Structures are given as C-alpha cells and as structure tokens.
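Here's a quick briefing for anyone meeting this structure for the first time. Have a look at the model, then use the notes underneath to find your way around.

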Amino acid sequence: LLRGESSTGKELFAKAIHYESGRKGKFIPINCSSIPRDLFESEMFGYEAGAFTGAKNSGKIGKIEEAEGGTLFLDEIGDMPMELQPKLLRILEDGEVTRIGGNRPKKIDVRIVSATNKDIRELIEENKFRKDLYYRLDVFQVNIPPLRERKGDIVPLANNFLQQFCMEQGISIIEIPREIFDIFDAYS
C-alpha cells in the first residue's frame, strides 16, 4: 500500500516496483476514482458473452486478467465502490477471478499494489472501506513524502524530465541554469 499526497509519484513508485520485480506480465494501472461506478465491475473482472445488454458477443477480459503474471496498480483505492470490495477480497484470498456472467473461476497470478492519499482507517470507521480488505492490502506500507520534503530529488528529476523531452523532440540536450534550480528549491 503506497500512501502519500496527490502527485507525490505513487504510480511511478508502483511502476518501479513492477519493473524491478522481474515479473513478466504487464503493469496495469486502474484509477478507482475515475471509472464510473456502473462500469467498474466489468472493467475489473471482465464479462462473458451475453452477460448483460450491450455486452460484446465475444465477452471482454477484465483488468485483473490482463495483469496476469504482472502487476495490477489500484490507484485511489479508498474510492473503490464498497460493493466491489468483497469481490476484490475474494480474489486476494483465493487467487481466482470469475468474469461477470461466468461460472468458471480462473486461477491468476497477479501482484496488487494499491495507493491512496486518504486515511483508510478513517474510512473504515465511517463504514466506507472494509477492514479485512485493508489488512490484505496493507501487508507492506510505503509512505511517499511530497517533493517539498525531499528537495534533493528536484535536480535529478528535472534533468531526467528535460532529457526525456529533448530526446522525444529530437533536440540537443540542454542544461537547466543553476538560478532555475534555486527558484525550484525556494518554492514551497
């Protein structure tokens, strides 16, 4: 479970965990606060052909299956709809996923990394998050401080972003003047 303010780089940290782990599958990110509640279940679990009106004739693989052998990143886990939390808990416990409209569970090998900027314990007290799911997700917690608390990262990050930009644009790599870094360092 990655914790930190918005825009602290939780997804970048999750990607680093995935790529350094040697897992062969994909890194699949899901922002739990951006998927409409009505579509969340089919996006996560997939569905069989004809499972509901408007379903594709061939069915659809869900994000969990898509992450087979890799990492599923659940960003903003505190915003996951309460009615889907028991289903995610079941997947964590059994290591199997069943598509909507299906009756055959499929064994899966997926690492789940979740992230939040919310206090999950507070959500538990308000009955907005399942305690048992929290304990399954919070096996190892990493608190990511905001950039203002790790100003030593500004120079390497800025240089890295500038280098990427220059390479993408096909221009010579330029250097950022020291005065600019002083401005960055002074900014709260």
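**Cysteines and the big picture**

Cys 166 is tucked away, counting as buried with a relative accessible area of just 1%. Cys 32 is buried too, at 3%, and the structure holds zero disulfides. Keep in mind that this is a predicted model.

**Overall layout**

- The chain is built from eight helices and nine strands.
- Of its 188 residues, 36% count as buried.
- Measuring along the principal axes, the C-alpha trace spans about 60 × 45 × 30 Å.
- Take the contacts in the chain with a separation of 6 or more: residues 24 or more positions apart account for 68% of them.

**The sheet**

- Which strands make up the open sheet, and in what order? Five of them do, and they line up as E2-E5-E8-E1-E9, with parallel pairing.
- Strand E2 (27-31) and strand E9 (142-143) are the edge strands, since each pairs on one side only.
- E2 and E5 run parallel and are joined by five bridges; here you'll find Ile 28 opposite Leu 72 in E5.
- E5 is also linked to E8, again in parallel, by four bridges, and Thr 71 stands opposite Arg 111 in E8.
- Strand E1 (residues 2-3) runs parallel to E8 with two bridges between them, and Leu 2 sits opposite Ala 115 in E8.

**Helix H4 and what covers it**

- Helix H4 covers residues 85-94, and its buried residues are Gln 85, Leu 88, Leu 89 and Ile 91.
- Those four are on the same side of H4, because they cover an arc of only 160° around the axis.
- What lies over them? The cover includes helix H2 (37-45), helix H3 (63-66) and helix H6 (131-137), along with strands E5 (71-75), E6 (96-97) and E8 (111-116).
- Just past the end of H4, Gly 95 takes a positive phi of about 70°.

**The nonpolar cores**

- The largest nonpolar core has 28 residues, and the ones touching the most other members are Met 44, Ile 64, Leu 72, Leu 74, Ile 77, Met 80 and Phe 129.
- Two or more residues come from each of E2, H2, E5, H4, helix H5 (120-125) and H6.
- Apart from that core lies another one, of eight residues, including Ala 14, Phe 73, Val 113 and Ile 144.
- Phe 129 is a good one to click on: leaving out residues up to four places away in sequence, Phe 129 touches Ile 77, Gly 78, Met 82, Gln 85, Ile 120, Leu 123, Ile 124, Tyr 134 and Leu 137.
- Two names on that list of contacts come up elsewhere in this briefing: Gln 85 is one of the buried residues of H4, and Tyr 134 is one of the residues in contact with Arg 121.

**Aromatic pairs**

- How many aromatic pairs does the structure hold? There are three.
- In the pair formed by Phe 181 and Phe 184, the ring centres are 6.1 Å apart and the planes sit at 75°, so the pair is edge-to-face.
- Both belong to helix H8 (residues 178-186), and being three residues apart there, Phe 181 and Phe 184 are separated by about one helical turn.
- Is Phe 181 buried or exposed? At 6% relative accessibility, Phe 181 counts as buried.
- Phe 184, on the other hand, is partly exposed, with a relative accessible area of 36%.

**Two residues to look up**

- Arg 121 lies in helix H5 and is partly exposed, with a relative accessible area of 47%.
- Setting aside neighbours within four places in sequence, Arg 121 is in contact with Tyr 134, Tyr 135 and Asp 138.
- Arg 121 and Tyr 134 are 13 residues apart along the chain, and their C-alpha atoms are separated by 8.3 Å.
- Where is Tyr 187 found? Look in the segment after H8.
- Tyr 187 is exposed, with a relative accessible area of 65%.
- From Tyr 187 to Lys 151 is 36 residues in sequence, and 9.9 Å in space, C-alpha to C-alpha.

How values were computed:
Residues numbered from 1 in each chain as written. Predicted model: local features only at pLDDT ≥ 70, side-chain atom pairs only at ≥ 80, totals over all residues. Heavy atoms only, no water. Buried < 20%, exposed > 50% of the residue type's maximum accessible area, 1.4 Å probe, protein only. Arc of directions from axis to C-beta. Contact = heavy atoms within 4.5 Å. Pairing = 2+ DSSP bridges. Core = buried A, V, L, I, M, F, W, Y, C linked by side-chain atoms within 4.5 Å. Phe/Tyr/Trp six-rings, centres within 6.5 Å; stacked < 30°, edge-to-face > 60°. Disulfide = S-S within 2.5 Å.
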